[in-house]
Each structure stands twice: as C-alpha cells, then as structure tokens.
Amino acid sequence: MTQAVDIAIVGGGMVGASLAAALAPFGLKLALIEAFPHDSAAQPSFDERTTALSNGSHRILDTLGVWPGVSLLATPIRKIHVSDQGRFGFARIDAAEQGLTAMGYVVPNRALGAALWARLQASANVQVFCPAEVSRVTAGEHTVTLEIAQGAATSRLDSKLIVAADGVHSAVRSAFGVDAESRDYEQTAIITTVLPQRFHDHVAYERFTGSGPLALLPLEGGRCTLVLTLGRATAASAMAWSDQEFLAEVQRRFGFRLGRFLKVGRRVPYPLSLTRAARTSAGRCVIVGNAAQSLHPVAGMGFNLGLRDVASLAELIAERRHEPHFDAGAASLLTEYDAWRAADRGGVIAFTDGLVRMFASPSSVVQRLRNVGLLAFDLLPPAKAALSRLSTGAGGGARVPKLARGVVLR
C-alpha cells in the first residue's frame, strides 16, 4: 500500500529534524526518514560534539519551541577573540558593544537532538520512519515515490516534495541528478574537550596557525571544546600522542591566555573539505544543510547556514499552504527558494573558504596583510557589526527569515 504525504524529509539529523519541527504546526502530512535513532551511538549528527549557534539560530530554535530543551546546557559566548600565531594582529568582538546579550551559544549536539526529537514525538502529523533507509526514488511529474526499507519490511510513500537532508554524501541529491563539487582541504579537525587552568569567561577563541585554525569554545564547568585543525599526516600522529604530548602541542599553538591546559577528553578526527551542490533544488526535490553545502568549521557557520535553509523553506511553505490546491513541490516555490538562498549561501561559502585560504597562505605579503587586517578590524566597529549581520544571514542586505527574527510562522 502506498501512502500519500505532502512532504517527505530524508535525514533526521540536526537540519532535517529542525525542518520537521518547523513544518509540524502547519497541518500538513509529513514523513521523516532517518537511518539511526537520535540517541544511538551510531547517529552521526547527535554525537559528542558541540555546535556554536548564532543569535539567529538561537531565535529560530526558540521560536520553534525547541530552545527550552537545551537552554540549561547552553553556554553563552560573550566575546570572540581572533589571533594569528606569531603575529601581533588580533581582533575582538564583544557582545555588549554590539548591544547583544551574547554573540551566540555553544550547545551539546546530543542535547539538541533530544530536544528536537522530543518535539517531533509530540507532533501527531509527523510520521517517523526510523531506523529506515530510502532504497529507491522514482520521480514523477506530480509526485515522487519513495521506497523505504525497515529491516525486512518495505513501505512506499508518494510525496509532493522531497527534502534531501541526508548529509554531504546525499543519496537523494544524487537520485535527482544533482552533482556536487568537492574540494579537499587536506586537513583533519581533531575535536575534543579540554579543561584550562583559568575560567574561559565565556570567550570563544579562534587562533590561526601555520597548519590550520585552532578554536576553543566555552562550555559549562569551565571546560572548552577544542577544534584543532592539522595536516592529515600530523593529525594521524596526534591521535596516537599521549594526553600530555597532545596538551603540550595545544599549549604551544594557543599560548597561555587560559593558563595551562590540565585535562583532555576523548579525541575524534574529522577530515575536512568543502562540498557544494550545483543546485539547491531539482524537480520536486529541495536540498538543504550539508547535502547542499558542507563547510570548513572555521567561524562555525555550517549548521547556522543549514538552519537558515530550514527557516527559509518553512516560511515559503507557510505563505503558500492556504492557497487552493497547494502543492509543496511546485516549481515556482522551489525557484523562489533557490533565489532566496543564493546570496546567503554564496556569501558564507566564500567567507569561510576565503578565511581558510588566506590564513593558510605561506606568502609573507599575505601574512603581513592579514596581520594589518586583524588590527584594522579590531579598531573598526562597522566591520564588527557587518560580521555580526553575516552570521544571521543578513550580509549584503539579504532577506532574513522570519524565524531568525523571532517571528512565528502562521
């Protein structure tokens, strides 16, 4: 038997689950297909990592009713400190100077996953297939048919719109013939938790070194999330170092702003690349989150960009759902989505990729220019305000989704 739904979301990670939560109040028939339960150790989205949420993302989650489930575990970022190892240039951004309570918040991925899925489980019109995988996609003129495998059982769905939220290696994106360009940075991010001697004072640090950036994000209890980017060979060696050797290398790269690093948690390596889909829609499919663009973690903009994909798509559906014969996969809706997301998506991709390239350049001229640039940035309030706007999707005058402004979708 084939079930008919309005929207089928393939991928129940942070972006896919957020979209389901955003669409749930609209009274549409929704399906969410995810391979791993949110609390499974095999779930790649809701693992032991943390995510830095921009203020725009905070407002989106708060407006969706998800924030109360993570607020007690969220650590505010009051200041951001950016520096270049071996250079005098540095830049500081203070939330208070920008008239903000915080520049953003650091939340554990597992907590965010639990809050999102608790919201979904309370939504009667979201049918969840989990653990399950899409085994076949058949695109038609008016609907798309999905065959869903759950163990030995198979289900069929006819959906007006398919949302590819199934990650960087999206099978749904490929099924619709959308290519993705990938650039290997030849770097690996080692992610762990460290305990410094001094309290972090809610400061997030981004320090650029010869082999890649090092980020420290504040956590509760005085701990910090460490994202250490290294060349592939060095990263492989670093995974074998003792805790003392690893902390000594982090100390050498970061310095003593927080005193000595006392403890380090389990280290997990993540190879880094930039992946960008050629299009953000095709036929009756829209592509969001990492399936549309997977970024270098520098500046922490990846999930925030994906969440604005969610907010934009949800807003367009909210605006049109009251129309007679509403079609969630209408070509006009997807064309409007593509146009809306182009500026924000292109700007953030260019910004993050440009940062990686600029701070990785061995050119002495480039090194001097970025040193002067950091000093200039620190002295120019308009530049800081512009970066703050970019983090909410407002860079270049782009349209900001209602959810990112705290406006409930009706």
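**Burial, disulfides and a pocket in a predicted model**

Q: Why is Cys224 called buried in this predicted model?
A: The relative accessibility of Cys224 is 1%, and buried means under 20%, so Cys224 counts as buried.

Q: What makes Cys285 count as buried?
A: Cys285 has a relative accessibility of 0%; since the word applies under 20%, Cys285 therefore counts as buried as well.

Q: How many disulfides does the structure hold?
A: The structure holds zero disulfides, where a disulfide would call for a pair of cysteine sulfur atoms within 2.5 Å.

Q: What makes helix α1 mostly covered?
A: Helix α1 spans residues 14-23, and 10 of its 10 residues are buried, a term that stands for under 20% relative accessible area. The buried residues of α1 include Met14, Val15, Leu19 and Leu23, together with Gly16 and Ser18.

Q: Which residues lie nearest the centre of the second largest pocket, and how many residues line it?
A: The lining consists of 17 residues, and those nearest the centre are Glu48, Thr50, Thr193, Leu219 and Arg223. Two or more lining residues come from each of β12 (180-196) and β17 (268-277), and β12 gives the most, with three residues. The space in this second largest pocket is about 270 Å³.

Q: How do the lining residues of the second largest pocket divide into nonpolar, polar and charged?
A: Six residues of the lining are nonpolar, six are polar and five are charged, where Asp, Glu, Lys and Arg count as charged.

Definitions and conventions:
Residues numbered from 1 in each chain as written. Predicted model: local features only at pLDDT ≥ 70, side-chain atom pairs only at ≥ 80, totals over all residues. Heavy atoms only, no water. 1 Å grid on protein atoms, 1.4 Å probe; cavity = no way out; pocket = protein on both sides within 12 Å on 5 of 7 lines; lining within 4 Å. Points joined across faces, edges and corners; volume = space filled by probe spheres on them. Helix = DSSP H or I, 4+ residues; strand = E, 2+ residues; numbered from the N terminus. Buried < 20%, exposed > 50% of the residue type's maximum accessible area, 1.4 Å probe, protein only.
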